[in-house]
Amino acid sequence: MYRPKTARDRLILPLDVPTVDEARAVIDTLGDSVTFYKIGMQLQFAGGLAFAEELAKSGKQVFLDVKLLDIDNTIAKAVENVCRMGMTFMTLHAYPKAMRAAVVARGNNGLGLLGVTVLTSMDQPDLAEAGYATDVADLVAKRAVQAREAGMSGIVCSPLEASAMRKLVGDDMVLVTPGIRPRGADVGDQKRIMTPTDAIRAGSDYLVVGRPVLAADNPRLAADRIVEEIEQALA
Ligand code: C5P
């Protein structure tokens with residue numbers, strides 16, 4: 001039920017801007033070229049939650065990237081409220097108890113719950129420093145399976161992990177992958193990247209692509225080209 005309906009719906013544009021006014025300007029520029037937006041912490045702390053609801057009411061799909069983690073009761077109450085906002089996706093850290101609480105609270109609501117397995121900014125020394133005596137890949141795999149067992153709708157992962165994750169969690173969960181760069185695009189601070197074509201072929205359902213669209217001379221054209229590339233990869 002969370003699978004994308006069209007190639008265009010597979011492109012998720014993160015509104016990584018400081019103000020709602022700037023977010024509105026991005027959306028005006030992109031017009032019909034983008035149907036799905038991600039609202040992260042930066043904008044959430046600047047009126048982005050009310051704006052997320054407005055955007056959903058206007059007919060766009062919205063991914064609320066809140067990365068929740070708290071005690072079960074608090075998670076459940078938060079998810080109950082997000083269920084009233086008309087969001088397509090929201091994220092939580094893939095801790096089993098939190099995921100189970102979220103899934104129960106979501107009930108039959110259409111909200112898609114995505115688990116963040118291990119942040120891609122974390123490497124082995126970071127995990128060790130945080131008290132985890134485990135390999136990054138092992139922890140990603142373990143949490144992906146726990147997300148499926150908890151009844152989550154999907155996971156956020158690196159496109160480089162997508163084909164392994166697809167084998168691990170099967171076809172029922174959606175895979176949402178940031179770290180996408182069309183050939184020739186500026187890499188920026190992303191280290192582990194894939195092209196839209198390769199990410200789709202690896203089993204990604206949704207591609208989160210920010211700066212290659214936002215920083216382009218013609219953002220609409222950049223978005224349309226990514227959608228064309230997705231269409232070709234699916235053909
Ligand atoms: O501009 P760019 O395409 O790098 O934006 C990627 C988006 O995906 C940003 O909103 C970033 O915070 C988010 N993200 C990521 N890597 C993750 C999780 C989220 O780049 N592991």
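## Exercises: the ligand site and three residues

A polar side-chain atom of D16 sits 2.7 Å from an oxygen atom of the ligand. The model is predicted, so to speak up front: local features need pLDDT of at least 70, side-chain atom pairs count only at pLDDT 80 or more, and totals for chains, interfaces and linings use all residues. Numbering starts from 1 along each chain as its sequence is written, and side-chain values use heavy atoms, with hydrogens and water left out.

**Exercise 1.** Work out which polar side-chain atoms lie by ligand oxygens, and how much of the ligand the protein covers.

*Solution.* Start with D16, at 2.7 Å. Next, take R181: a polar atom of its side chain is 2.9 Å from a ligand oxygen. Then go to R211, where a side-chain N or O atom is 2.8 Å from an oxygen atom of the ligand. For reference, a polar contact is a pair of N or O atoms within 3.5 Å. Finally, the cover: of the 460 Å² of accessible area that the ligand has on its own, the protein covers 79% (Shrake-Rupley method, 1.4 Å probe).

**Exercise 2.** List the residues around the ligand and sort them by class.

*Solution.* First, collect residues with a heavy atom within 4 Å of the ligand. That gives P14, D16, K38, T120, P178, R181, Q190, V208, V209, G210, R211 and P212. Now sort: the shell has 5 nonpolar, 3 polar and 4 charged residues. In this scheme Pro and Val count as nonpolar, Asp, Lys and Arg as charged, and Gly as polar.

**Exercise 3.** Is R166 buried or exposed, and where does it lie?

*Solution.* Place R166 first: it's in helix α7, residues 162-169 (helices are DSSP runs of H or I, at least four residues; strands are runs of E, at least two). Then check the cut-offs: buried is under 20% relative accessible area, exposed is over 50%, and partly exposed is in between, with a 1.4 Å probe and protein chains only. R166 has 14%, so it's buried. Last, look across the chain: R166 and S204 are 38 residues apart in sequence, with 8.3 Å between their C-alpha atoms.

**Exercise 4.** What is unusual about the phi of K67, given that most residues other than glycine have a negative phi?

*Solution.* Phi of K67 is near 45 degrees, a positive value in a residue other than glycine. K67 belongs to strand β3, residues 61-68. Its relative accessibility is 26%, so K67 counts as partly exposed.

Definitions and conventions: Polar contact = N/O pair within 3.5 Å; in protein donor to acceptor, adjacent residues only side chain to side chain.
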